[in-house]
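Colleague: I am new to this structure and would like a close look at a single part of it. Could you take one helix and walk me through what surrounds it?

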Amino acid sequence: MAIDPIRPTDATARGLAKTLLRSTRSAALATLTREGHPFASLTSLATDVDGTPLILISALSGHTGNLEADPRASLLLAPGGKGDPLAHPRITLQVRAQKVERDSAEGRRIRRRFLARQPKASLYADFPDFSFFALRLGRASLNGGFGKAYELEAADLVSDCTQAQALIEAEEGAVAHMNADHADAVRLYATALLGAKDGAWRISGLDPDGCDLSLGDKVLRLNFDEPVTSPDALRKTLVALAAKARAGS
């Protein structure tokens, strides 16, 4: 009898998938040409508050025309590491691309979050031929390493933001406040809680499930123990994490 290689999806798999999604800065984007042939390219990556992947692409690029003709695409996130690349976690996402209206509230938020993750993109982000696309998540295939295969749904990957509108509205100010007034705590999040090397770490984004930390090209994901949906809950969580980091530093 054949053994099913797919493991039951559990909290560990969901956590790994979300961490890969939130902490990967580039990915292989596979679109379909007008002839129906797969076309793979490299793209920079960020995420919206709920975890939806975001890309910034030029109308001059072949994959942009492909997505405008057929929004179906696949995204491979494979950060890799030392040794055998197949021994490291990676995830393949089935997505549908949706162009974002720049002047909308969503467009302004997406631009801010994308540039916080990809600051060098500010050199060309406002060129008229560049557009932001949100890649709406469908199913996903997670490989956590040899013998660790999982099939996931969109609900396993995105953060629940149905009750988090106040948090979303407060995110920009909270990020600025933490980086300006609590840089020592942010640094401890990275070093004491996540084991990173010391440096001028910054928060690049906040969401109900955690926060994204960056230092140059390095990105880390700090997951919260419990989801937060309000500015007050966020403040209490960040204070508690700072206390935990100082106690362990």
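Modeller: Contact here means heavy atoms within 4.5 Å, and helices (H or I, at least four residues) and strands (E, at least two) are DSSP runs numbered from the N terminus. The model is predicted, so that local features need pLDDT of at least 70 and side-chain atom pairs count only at pLDDT 80 or more, while totals for chains, interfaces and linings use all residues. Residues are numbered from 1 along each chain as its sequence is written, and side-chain values use heavy atoms, with hydrogens and water left out.

The part I have chosen is helix α6, residues 183-193. In its contact with helix α7 (residues 231-248), Asp184, Ala185, Leu188, Tyr189, Ala192 and Leu193 of α6 meet Leu238, Leu241, Ala242, Lys244, Ala245 and Arg246 of α7. These residues divide into nine nonpolar, no polar and three charged, where Ala, Val, Leu, Ile, Met, Phe, Trp, Tyr, Cys and Pro count as nonpolar, Asp, Glu, Lys and Arg as charged, and the others, Gly among them, as polar.

As for the geometry, the axes of α6 and α7 come within 9 Å and cross at roughly 55°, which means that α6 is oblique to α7. Axes are lines fitted to C-alpha atoms, for helices over the stretch in contact, and angles run from 0 to 180 degrees between N-to-C directions; those under 35 degrees count as roughly parallel, over 145 as roughly antiparallel, 65 to 115 as roughly perpendicular and the rest as oblique. The crossing of α6 past α7 is left-handed, a term used if the near helix is turned anticlockwise from the far one by less than a right angle, with right-handed used if clockwise.

Helix α5 (residues 165-181) is another neighbour, and its axis comes within 5 Å of that of α6, crossing at roughly 95°, so α5 is roughly perpendicular to α6. Here Met178, Asn179 and Asp181 in α5 meet Ala183, Val186 and Tyr189 in α6, a set made up of four nonpolar residues, one polar and one charged.

Within α6, the residues Ala185, Val186, Leu188, Tyr189 and Ala190 are buried, where buried means under 20% relative accessible area, exposed over 50% and partly exposed in between (1.4 Å probe, protein chains only). The buried residues of α6 pack against α5, α7 and the strands β9 (202-207), β10 (210-215) and β11 (218-223). After α6 comes Gly195, whose phi is positive, near 70°.

The two helices that α6 meets also meet each other: the axes of α5 and α7 come within 9 Å and cross at roughly 35°. Ala166, Leu167, Ala170, Ala174 and Met178 in α5 are in contact with Pro231, Leu234 and Leu238 in α7, and these divide into eight nonpolar, no polar and no charged residues.

Two further residues of α5 help to place that helix. Gln165 is found in α5 and, at 45% relative accessibility, counts as partly exposed; Gln165 and Ser230 are 65 residues apart in sequence and 7.9 Å apart in space, C-alpha to C-alpha. Val175, also found in α5, counts as buried at 11% relative accessibility, and Val175 touches Ile203, Gly205 and Leu206, not counting residues up to four places away in sequence.
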